[in-house]
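Visitor: Could you take one part of this model and walk me through it closely? I'd like one connected answer, please.

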Amino acid sequence: MSEKQKKCMLCGMPSDDSICDSCKSNVRGEAAQKKQKIEKQVKSKSEAEIDKIVKKQMDD
Ligand SMILES: [Zn+2]
């Protein structure tokens, strides 16, 4: 009975993953939007650098 029920870390709904499917698609959509915004701001930067910036912002 000590088995923990897995929950989504974002919305708290029961989920097999740490993030449920609906939150996953939300996060993915948000990340894509942020990335597009950042890409416009930093056209001179490389893909890897943009990825770093996106990840940094996602941590906030
Ligand atoms: Zn969720």
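Guide: Sure, let's start with helix H2, keeping in mind that this is a predicted model. H2 covers residues 47–59, 13 residues in total. At 1.5 Å a residue the helix should span 18 Å, and its end C-alpha atoms sit 19 Å apart, so the expected and computed lengths agree. As for surroundings, H2 is hardly covered: of its 13 residues, the number that count as buried is zero.

What does touch this part of the chain? Look across to Ala 31, which belongs to helix H1. Once you set aside residues up to four places away in sequence, Ala 31 touches Val 54 and Met 58. Take the pair with Val 54: the two residues are 23 apart in sequence, yet their C-alpha atoms are 7.1 Å apart in space. Ala 31 itself counts as partly exposed, because it has 15 C-beta neighbours inside 10 Å, and buried would take 20 or more.

Now swing over to Lys 7, in the segment before helix H1, which runs 21–41. Lys 7 has 15 C-beta neighbours inside 10 Å, so it counts as partly exposed. Its contacts, leaving out neighbours within four places in sequence, are Gly 12, Met 13, Pro 14 and Ser 15. And how far is Lys 7 from Lys 55 in space, C-alpha to C-alpha? That distance is 23 Å, with their positions 48 residues apart in sequence.

Technical notes. Residues numbered from 1 in each chain as written. Predicted model: local features only at pLDDT ≥ 70, side-chain atom pairs only at ≥ 80, totals over all residues. Helix = DSSP H or I, 4+ residues; strand = E, 2+ residues; numbered from the N terminus. Buried ≥ 20, exposed ≤ 12 C-beta atoms within 10 Å, placed from the backbone. Contact = placed C-beta atoms within 7 Å. Expected span 1.5 Å × (residues − 1).
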